[in-house]
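Reader: Could you take a close look with me at one part of this model, the charged side chains and what they pair with? I'd love one connected walk-through.

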Amino acid sequence: MKIVYFTLCIFMCIGCTSEKSIDTQCDQIKIDMLSITEKPLFLDFDYIRLETQEDCLISYIDKILVVNRYLIIHSVRDRAVVLFDREGKYVRKFTNGQGPDDLIYPVDISYDEKNDRLWILDYYSTFREFTMEGKCINTIKNENAYMRLQPYNGSLLLFTANMTQKSPYLFEFIKNKQSVFFVEKDERFNNAVYIPTTSFCPVNDSIVFFYHQFEDRIYSWNEQTMKADIAYEVIYQNGRSIANWKGEGELGTGGRNSEYQKLIDNREYIFGISNLYCLSDVLFFTVKDNTRKYCLYEMKNRTLQLYQDLISGLPDLEIIELFTGENNTILFALSPDAIQNYIDNMPDNMSINKNFVKLKKMSEELNEDDNPVIIISKNRQSPEKEKIQ
């Protein structure tokens, strides 16, 4: 992850290794961390209660995929990948066990829309391809460890998250059994393993955005040419980026007392963009300093809106995991405990609106041991336009 005057070198390994350069001509997204829209991003919400029974108990949700008639729920903590229908009724669970096609420790999941297949990254280095009926039809093993994967037009896009020291790169894209490597690791962050919700954002049939926590860049990869460019450079105003961290030595993740954890706890830096999704011609992503903020960047007219609240009347519990659904909606999960705690501890000066009433009614229907509830955003706010210079 060498950062030298916006110049980055990559190495492409197709048969042999050759040096290529990433095009550094890109747009800038300027984010003034103090220029916040007072209104929430979404005005309303729907919700789906996931059926609770012994075969599908979920304590925490790491990823939600909305696929045709299914909701696919992934929980690292429960080592589970579970299918529900759109009403929240349990359908099936992908098998865990010691068999050749069984899952051991599912780290990430991603859907191959073109072939209607679910890919599961199992135990960091095994890629398994499943039918939606739960049959494993392909297994690929790799010597490196990965944290995120994305199938795309027959390619596999992989993010290492500093899980391995074998490769000097953060990203590996595999097509026809040949690999292309992008973004050289920055030695400052060699010992910092970070786990993003997403690392890849498909834009269309040939372009994928990719990004990571310790740079203020969104890269664009062209599947046809196998080349990458910097699509956007994020510039923070009234905020400090972790990309500019100049501490001594390396950041490590050795427990709560590590330098890395101290930086997170002190909230002195913005740790890159997260939760990047393409909603038609709009980029949605989050940034976080002392609180999390929600960004909408309109790519055509280059305008940005920064929001403090995601959905009117709903708790912002510093939820890390956000996902995209149909019709440009944003999804996340709330546990019954989180919902009840929010209602019980609502500030006296906070106004009660229809969404809070809906949330309270929902809580009265829940038991504390029920599965999490899926929240689906509705009615996006019409932003006031401010052109990005």
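Let's start with Asp289: is it buried or exposed, and at what relative accessibility?

Author: Happy to! One thing to keep in mind is that this is a predicted model. Asp289 counts as buried, at 15% relative accessibility. The cut-off behind that word is a relative accessible area under 20%. Its side chain meets that of Lys293 in a salt bridge, with 2.7 Å from N to O. Lys293 is buried as well, with a relative accessibility of 3%.

Elsewhere, Asp44, Lys354 and Lys358 are joined into one network by salt bridges that share partners. Searching the whole structure gives 14 salt bridges. One of them, from that network, is the pair of Asp44 and Lys358, whose side chains come to 3.1 Å, N to O. Because Asp44 belongs to strand E4 (residues 42–49) and Lys358 to helix H3 (residues 354–364), this pair ties together parts that lie 314 residues apart in sequence. Asp44 is buried at 9% relative accessibility, whereas Lys358, with a relative accessible area of 25%, is partly exposed. Lys358 has a further partner: its charged end sits over the ring of Phe45, 4.5 Å from the ring centre.

Strand E4 also takes part in another link. The side chains of Arg49 and Asp370 form a salt bridge of 3.4 Å, N to O. Since Arg49 is in strand E4 and Asp370 is in the loop between H3 and strand E27 (373–380), this bridge ties together parts that are 321 residues apart in sequence. Arg49 counts as partly exposed at 33% relative accessibility, while Asp370 counts as buried at 15%.

Glu365 is worth a stop here. You will find it in the loop between H3 and E27, partly exposed at 36% relative accessibility. Leaving aside residues up to four places away in sequence, Glu365 touches Tyr47, Arg49 and Asp370. That puts Glu365 in contact with both partners of the Arg49–Asp370 bridge. Its C-alpha atom is separated by 9.7 Å from that of Pro336, a residue 29 places away along the chain.

Charged ends and rings come together elsewhere too. The charged end of Arg240 sits over the ring of Tyr269, at 4.5 Å from its centre.

That leads us to the rings themselves. The structure holds 25 aromatic pairs. In one of them, Phe159 and Phe171 have ring centres 4.9 Å apart and planes at 35°, so the pair is tilted. Phe159 is part of strand E14 (residues 155–159) and Phe171 of strand E15 (residues 169–175), so these rings tie together parts 12 residues apart in sequence. Both Phe159 and Phe171 are buried.

Phe171 also forms an aromatic pair with Phe210, this one edge-to-face, with 4.8 Å from centre to centre and 65° between the planes. Because Phe171 lies in strand E15 and Phe210 in strand E18 (residues 207–210), the pair ties together parts that are 39 residues apart in sequence. Phe210 is buried, like Phe171. Phe159, Phe171 and Phe210 belong to one aromatic cluster, whose members also include Tyr152, Phe173, Phe182, Phe200, Tyr219 and Trp221.

Key: Residues numbered from 1 in each chain as written. Predicted model: local features only at pLDDT ≥ 70, side-chain atom pairs only at ≥ 80, totals over all residues. Heavy atoms only, no water. Salt bridge = Lys/Arg side-chain N within 4 Å of Asp/Glu carboxyl O. Helix = DSSP H or I, 4+ residues; strand = E, 2+ residues; numbered from the N terminus. Buried < 20%, exposed > 50% of the residue type's maximum accessible area, 1.4 Å probe, protein only. Phe/Tyr/Trp six-rings, centres within 6.5 Å; stacked < 30°, edge-to-face > 60°. Lys NZ or Arg CZ within 6 Å of the ring centre and 35° of its normal. Contact = heavy atoms within 4.5 Å.
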